[in-house]
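Work through the exercises below with the sequence and the model open side by side. Each task is followed by a solution in steps.

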Amino acid sequence: MISPLKQGQNAPHFSLLNQHNETVSLTDFQGKKVLVYFYPKALTPGCTTQACGLRDVKAELDALNTVVIGISPDSPQKLANFEEKKALNFTLLSDENHKVAEQFGVWGEKKFMGRIYDGVHRISFLIDENGVIEQVFDKFKTGEHADVVLDYLKNK
């Protein structure tokens, strides 16, 4: 069973390689809100829908001082391919050993088509300017994720 971090907790500090093989740390974004969204696998239908939704609202998120970081167990090379094929305009991070997913409490048992395996659960964390988890998004359809986040940011 997974146990995701909750609102009010400090976000774990992390550094991972991005889609360009550069190290990116959460602390690189101090003074901004950061939407850290975990997704299972690049270039799969649900993950593509979710990523493209965030891509399409990037200007609105920028205006709300919010940066998007997608994290998956994919390699930097696969993330670069995802970015290129889908014209993504935000940072993708490679968590191949799922250490950061475990720190956020989103790595654990999943079931799909009768198969049980360990993997990333699709959960997003809005981290405030001080590194505290402001909101957790864990109940949404992939096609509505960007709207759910925008609605929260605009109406809080």
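**Exercise 1. Place Cys47 in the fold, classify its exposure and list its contacts from elsewhere in the sequence.**

Solution.
Step 1. Cys47 belongs to helix α1. The model is a predicted one.
Step 2. The relative accessible area of Cys47 is 1%. Buried means under 20%, so Cys47 is classed as buried.
Step 3. Leaving aside residues up to four places away in sequence, Cys47 touches Tyr39, Pro40, Lys41, Phe82 and Arg122.
Step 4. The UniProt record, an unreviewed entry, puts the feature "active site" at Cys47.

**Exercise 2. Describe the largest pocket: its volume, the residues closest to its centre, the elements that line it and the classes of its lining residues.**

Solution.
Step 1. The largest pocket holds about 300 Å³ of space.
Step 2. It is lined by 15 residues, and those closest to the centre are Pro40, Lys41, Thr44, Lys110 and Tyr117. Pro40 and Lys41 are also among the residues that Cys47 touches.
Step 3. At least two lining residues come from each of α1 (45–56), β6 (107–112) and β7 (115–120). Strand β7 gives the largest share, four residues.
Step 4. Sorted by class, the lining contains eight nonpolar, three polar and four charged residues.

**Exercise 3. Do the same for the second largest pocket, giving volume, central residues and classes.**

Solution.
Step 1. About 160 Å³ of space lies in the second largest pocket.
Step 2. There are 14 lining residues, and His13, Leu26, Gln30, Asn130 and Gly131 are the closest to the centre.
Step 3. Five of the lining residues of this second largest pocket are nonpolar, six are polar and three are charged.

**Exercise 4. Is strand β3 enclosed or open, and which strands pair with it?**

Solution.
Step 1. Strand β3 covers residues 33–38, and six of the six are buried. The strand is therefore largely enclosed by the rest of the structure.
Step 2. Sort the side chains by direction. Lys33, Leu35 and Tyr37 point one way from β3, while Val34, Val36 and Phe38 point the other way. Residues of both sets are buried, the charged Lys33 included.
Step 3. Take the parallel partner. β3 pairs with β4 over six bridges in the parallel sense, and Val36 stands opposite Ile69 of β4.
Step 4. Take the antiparallel partner. β3 is joined to β8 by four bridges, the two strands running antiparallel. Here Val34 stands opposite Ile127.

**Exercise 5. Follow the sheet from β8 to β9 and describe the hairpin.**

Solution.
Step 1. Strand β8 (residues 124–127) pairs with β9 in the antiparallel sense over four bridges. One bridge partner in β9 is Phe137, which is matched with Ser124.
Step 2. Strand β9 spans residues 133–137, and five of its five residues are buried, leaving the strand mostly covered.
Step 3. Five residues lie between the strands of this hairpin, and Gly131 there has a positive phi near 85°. Gly131 is also one of the residues closest to the centre of the second largest pocket.

**Exercise 6. What is the sign of phi at Asn65 and at His98, and where does each residue lie?**

Solution.
Step 1. Recall the background: most residues other than glycine have a negative phi.
Step 2. Asn65 has a positive phi near 60°. Its place is the loop between α2 (58–63) and β4 (66–72). With a relative accessibility of 26%, Asn65 is partly exposed.
Step 3. His98 also has a positive phi, about 50°. The loop that holds His98 runs between β5 (91–94) and α4 (99–104). At 21% relative accessibility, His98 counts as partly exposed.

**Exercise 7. Locate Lys78 and find what it touches away from its own stretch of sequence.**

Solution.
Step 1. Lys78 sits in helix α3, residues 76–86.
Step 2. Its relative accessibility is 27%, so Lys78 is partly exposed.
Step 3. With residues up to four places away in sequence left out, Lys78 touches Lys41 and Ala42.
Step 4. Lys78 and Ala42 are 36 residues apart along the chain, and their C-alpha atoms are separated by 7.2 Å.
Step 5. Connect this with the earlier solutions. Lys41, touched by Lys78, is touched by Cys47 as well and is among the residues closest to the centre of the largest pocket.

Technical notes
Residues are numbered from 1 along each chain as its sequence is written. This is a predicted model: local features need pLDDT of at least 70, side-chain atom pairs count only at pLDDT 80 or more; totals for chains, interfaces and linings use all residues. Side-chain values use heavy atoms; hydrogens and water are left out. On a 1 Å grid over the protein atoms alone, a cavity is a set of points where a 1.4 Å probe fits but cannot get out, and a pocket is an open set with protein on both sides within 12 Å along at least five of seven lines; lining residues have an atom within 4 Å of a point. Grid points are joined across faces, edges and corners, and a volume is the space filled by probe spheres set on the points. Buried means under 20% relative accessible area, exposed over 50%, partly exposed in between (1.4 Å probe, protein chains only). Contact means heavy atoms within 4.5 Å. Two strands pair if DSSP finds at least two bridges between them. UniProt positions are given in the numbering used here, feature names are shortened, and annotations may be inferred rather than shown by experiment.
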